[in-house]
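Visitor: I would like to go through this complex step by step, beginning with how far the model can be trusted and ending with how its chains meet.

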Amino acid sequence: MKTIKIAVLCAPFVIALGCASFPDQPTTQKIAEQMVSEAYPGMPAELTRRSVQDKDQKICSKIGDAKLSEQEAAEVVRSARATIKYPASGKLAGDWKVGAKLAYDGGGSRIRGGKVEKLKENGANCSNCHVLDPREVNAGNVGPSLAGYGAQRGNSEAVVKYTYEKIYNPWVYFPCSNMPRMGHNGYLTPEQITAVVAYLVDPESPVNKK
Amino acid sequence: MLKLRGGIAAIAFICLSGSGHAADPLAVGRQMLAEDNPGDLWVLRGEKLFYEKRGPKQASLEKCDLGLGPGKVEGAFAQLPRYFADTDKVQDLESRLLTCMIGLQGFKREDVIKTRFSDLDRDSDMEALVSFIGSRSNGLKMNVPLSHQKEKEMFKAGEYLFHRRNGPLDFSCATCHSEDGKRIRLQDLPNMSDPRQMQAVVATAWPAYRGTQSTVRTMQHRLYDCNWQMRLPDLGYVSDMSIALTSYLNYSGNGGVIQLPGVRR
């Protein structure tokens, strides 16, 4: 019955337009990717390249309630694990005071008028999404609170290594997590990450003071 | 006595319910702005601009068809973006105004785009026009059509793009806008997977007077600014990507009661 009704409703349009329907997924993807390639007119190629997805970003772009399959999750974890890099010094926890500055620095790599902002280094953007020092009010909540991170976990070698890897590429442990792959994407250097690790785990850090 | 007590209880209830963010000192400022919206000045200027003879062709915008017929601004915002046969494109309010400013008034595309967002030196005509036209749908419900093939394509592309992760921070729109009660630092993030929040954003947010920028900003500016925070290049003004996202958002916000311009931080 429904089919008949639709057929009748559409009949007058079929001749002029064809009956409008939602494009299938491959067609949508093709249309949308074309839009991305034209979304940044006049921008230099090295900047528009940022909008090109890598393999794992593609996997992690699920729509609505679509779930990551076990196979996809394993694939994301595998490539994340395979690309992790450590600092030349081998020391994974640096100076927490350096980390304290980075953690509250939300700047870096932003583009206006086709130019990347000129800064000495990218900030680590942590406080945009996480509570760190429990006394600092100006902190986001997109990610979990990290107040007392080291006080709860200690600063053993295992905790330090996990923390470093989690910041370098969170998708090693949480495939497609909202958290950016700061190290993997070259947004933070391995040395910067060691400073943030220290800020989280060092007993002297404000993160671990009540 | 009972009556008095009831009265006090009622007042207390009003106070409690009226200040949902009692603990949030920022809410006080927001409330003050909402009660006395500076955006009304943009509405007045936009109305003047709309009916004034301007541009090389010395024409007003009274023949501009925003989807409901030439010059009809009442209810126009509520049904955008939509397909326009003369351009064979789905257009949002800003791209349609741009079409009219070029075609009817003879302005150059690049000149309009240069002043699309006001800065310290220049007021944007576009921001004023959008404020005016937005305000002329106040009290109506968002009612964006999804019948033409190109409207359907735009909607689906917008949905795809909303979830598309990219850039050096791996962000998509959904990264920040898919859960309730989230904030970037102290800034509240609407959850666009919740129809009610989507309606509120679409129908009462943009165009909005922004206190931190002392001007009205449009939806195109909002998307441009999100792209900037995502570390992506400058989003092309009225690019298809921006229209697709707006189609997806506005259609999903259908039913929201319009009150524009909004007020934002």
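Guide: Before we start, pLDDT is the predictor's confidence in each residue, on a scale from 0 to 100, and it is needed here because this is a predicted model.

Visitor: Over which residues of chain B does pLDDT stay under 50?
Guide: Chain B as a whole has a mean pLDDT of 91, and 88% of its residues reach 70 or more. One stretch is given with low values throughout, and for that stretch the model has 1 contact beyond four places in sequence. The stretch where pLDDT stays under 50 is residues 1-22 of chain B.

Visitor: What ipTM does the predictor give the complex?
Guide: Apart from the values for each residue, the predictor also scores the complex, with a pTM of 0.90. The ipTM that goes with it is 0.92.

Visitor: What is the radius of gyration of chain A, set beside that of a compact globule of 210 residues?
Guide: Chain A holds 10 helices and 2 strands, and along the sequence these elements follow the pattern α-α-α-α-α-α-β-β-α-α-α-α. Its C-alpha trace spans about 75 × 40 × 35 Å along the principal axes. Where a compact globule of 210 residues would have a radius of gyration near 17 Å, the value for chain A is 23 Å.

Visitor: Which residues of chain A lose the most area to chain B?
Guide: In this model, 61 residues of chain A are in contact with 46 residues of chain B, and the area buried between the two chains is about 4600 Å², with carbon and sulfur atoms giving 55% of it. Three residues of chain A lose the most, and together they account for 14% of what that side buries. They are A:Met35, A:Tyr40 and A:Arg112.

Visitor: Which residue of chain B meets A:Arg112 in a salt bridge?
Guide: The rule finds 3 salt bridges across the interface of chain A and chain B, along with 35 residue pairs in polar contact. In one of the salt bridges, the side chain of A:Arg112 is 2.7 Å, N to O, from that of its partner. The partner is B:Asp225.

Visitor: Which element gives the largest share of the side of chain A that touches chain B?
Guide: The residues on that side divide into 29 nonpolar, 25 polar and 7 charged. Elements of chain A that each supply at least two of them are α2 (25-37), α3 (45-48), β1 (111-112) and α7 (126-129). The largest share, 8 residues, comes from α2(A).

Notes
Residues are numbered from 1 along each chain as its sequence is written. Chains are lettered from A and ligands numbered from 1 in the order in which they are written. This is a predicted model: local features need pLDDT of at least 70, side-chain atom pairs count only at pLDDT 80 or more; totals for chains, interfaces and linings use all residues. Side-chain values use heavy atoms; hydrogens and water are left out. Contact means heavy atoms within 4.5 Å. Buried area is the accessible area (1.4 Å probe) that two parts lose on being put together, summed over both. A salt bridge is a side-chain nitrogen of Lys or Arg within 4 Å of a carboxyl oxygen of Asp or Glu. A polar contact is a pair of N or O atoms within 3.5 Å; within protein, one must be able to donate a hydrogen and the other to accept it, and residues adjacent in sequence count only if both atoms are side-chain atoms. Helices (H or I, at least four residues) and strands (E, at least two) are DSSP runs, numbered from the N terminus. Ala, Val, Leu, Ile, Met, Phe, Trp, Tyr, Cys and Pro count as nonpolar, Asp, Glu, Lys and Arg as charged, and the others, Gly among them, as polar. The radius of gyration is taken over C-alpha atoms; the globule rule is 2.2 Å times the number of residues to the power 0.38.
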